[in-house]
Structure formats: structure tokens, C-alpha cells
Amino acid sequence: MSLSPFVAEWIARLTPRATEFAPRALDVAMGRGRHAVPLALAGFDTFGVDVRFDAVRDAKLAAEAAAVRVHGWCADLTQHPLPSARFDVIVVTRYLQRDLFPALRAAVRPGGVVLYETFTTAQRALGWGPSSPDHLLEPGELLRSFEGFEVLFYEEVSAPEAVARLAARRS
């Protein structure tokens with residue numbers, strides 16, 4: 001699976017300028033590193049978490065092949081909480097775990113940005129992709145889940161896939 005155009009655009013916007021320390025980025029449910037590796041290539045000190053060991057291993061190998069480092073860990077985030085106020089950028093794509101929203105809100109540092117893109121209930125009408133309500137956002141749900149954050153970008157589209165996209169900064 002290729003890099004999300006939405007995430008690619010925001011990585012470019014958020015690419016760190018020359019600083020003493022690289023800002024920290026977290027790719028949640030990173031899979032094989034399709035966003036973690038580009039974050040590392042852009043200069044972020046990149047971390048990635050996934051419940052599948054083989055995915056974490058493959059992401060680390062992809063990072064090595066790209067001559068960058070991704071700090072990957074295999075964990076079930078229902079059992080192992082995210083650290084508080086630790087990341088400057090958090091990326092979540094094609095993954096929905098509603099009880100994780102408070103942890104994501106807390107894990108991003110003040111001034112940090114959450115980039116979130118996943119399917120909505122309108123995806124069912126397209127006849128492919130997830131169909132369980134557990135894996136589909138209700139209209140406006142993503143926006144409500146980050147209430148109190150400064151919304152930099154938000155949209156819900158129904159074609160070519162039905163997704164909600166959010167870029168929001170923690171104040």
C-alpha cells in the first residue's frame with residue numbers, strides 16, 4: 001500500500017527545519033512502515049507501533065533499506081498505554097480504535113499535530129473495504145473526537161473511498 005497523499009502533503013508541511021533536536025513522530029498501527037519511513041526520511045525521530053510483530057519487523061527493515069531509523073515496537077495499545085505529551089506529530093491511517101482517542105489526544109505535545117485518516121460509514125455504499133461499525137466513523141465523529149484542538153484541515157469525502165481526514169493541533 002502506498003503513502004496516503006493526505007499524509008504526504010502534511011509531512012511536507014510539518015518537515016522539521018534545522019533544529020538541534022529532531023521532533024518526534026509516532027505512526028500508530030504502522031503496518032509495514034508506509035508512513036513511518038517517509039516521516040524518518042523527512043527528519044523526524046520516528047516511532048511506530050503495531051500489534052503484529054511481522055509488520056514491525058518489516059517496517060524496521062524498510063527503514064534500514066532507506067538508510068533511516070524507525071523505533072518500532074510491537075504492542076497492543078489497550079494493554080500498553082502511549083506516553084503522555086511525547087510526540088510532535090501522530091499519524092493514524094486506516095485504523096479506528098475509538099477508546100484510543102483520549103490516549104492520542106494526551107500523547108501529542110502542546111503545539112503538536114495529529115494527522116488522522118480513516119473510513120466512514122459511507123464506505124459501505126461502495127461495496128468494498130470495512131463494513132463493521134467498529135471500523136467505520138460516523139459523520140462528524142473524527143472532528144468531535146478532537147474537540148478543543150485547533151483544526152488545521154478537515155474533510156469527509158465519499159469517493160473514490162469514503163474517508164474522514166483531520167489535521168489538528170493541540171493547544
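## Charge and surface

Let's start with the charges in this predicted model. The protein chain carries 19 positive and 20 negative side chains, and the centres of these two sets lie 3 Å apart. About 8400 Å² of the protein chain is exposed, with carbon and sulfur atoms supplying 55% of that area.

## Overall dimensions

Along the principal axes, the C-alpha atoms of the protein chain fill a box of roughly 45 × 35 × 30 Å. The radius of gyration of the protein chain is 15 Å, which agrees with the value near 16 Å for a compact globule of 171 residues. Of those 171 residues, 45% are buried.

Contacts in the protein chain also reach across the sequence: counting those between residues at least 6 apart, 57% join residues at least 24 apart.

## Order of the elements

The protein chain has five helices and seven strands. Read from the N terminus on, they follow the order α-β-α-β-α-β-β-α-β-α-β-β.

## Two sides of helix α1

Helix α1 spans residues 5-14, and its buried residues are F6, V7, W10, I11 and L14. These residues sit on the same side of α1, because they cover an arc of only 130° around the axis. The spacing fits a familiar rule: an α-helix has 3.6 residues a turn, so residues three or four places apart point the same way. On the other side of α1, P5 and A12 are exposed.

What do the buried residues of α1 pack against? Their partners are one helix, α2 (36-41), and the strands β4 (87-93), β5 (108-119), β6 (150-157) and β7 (163-169).

## Backbone points to check by eye

A few backbone angles deserve a look, given that most residues other than glycine have a negative phi, and most peptide bonds are trans. A cis peptide bond joins A159 and P160, with omega at about 0°. P160 has its place in the loop between β6 and β7.

Two alanines have positive phi values. For A67, phi is near 65°; this residue lies in the loop between α3 (53-65) and β3 (70-74). For A85, phi is about 50°, and A85 lies in the loop between β3 and β4. Are these two alanines buried or exposed? A67 is exposed, having a relative accessible area of 72%, while A85 is partly exposed at 33%.

Note on methods. Residues are numbered from 1 along each chain as its sequence is written. This is a predicted model: local features need pLDDT of at least 70, side-chain atom pairs count only at pLDDT 80 or more; totals for chains, interfaces and linings use all residues. Side-chain values use heavy atoms; hydrogens and water are left out. Buried means under 20% relative accessible area, exposed over 50%, partly exposed in between (1.4 Å probe, protein chains only). Helices (H or I, at least four residues) and strands (E, at least two) are DSSP runs, numbered from the N terminus. The arc is that of the directions from the helix axis to the C-beta atoms. Contact means heavy atoms within 4.5 Å. The radius of gyration is taken over C-alpha atoms; the globule rule is 2.2 Å times the number of residues to the power 0.38. Accessible areas come from the Shrake-Rupley method with a 1.4 Å probe; for residues, only the protein chains shown count as cover. Lys and Arg count as positive and Asp and Glu as negative; His and the chain ends are not counted. The place of a charge is taken as NZ of Lys, CZ of Arg, CG of Asp or CD of Glu.
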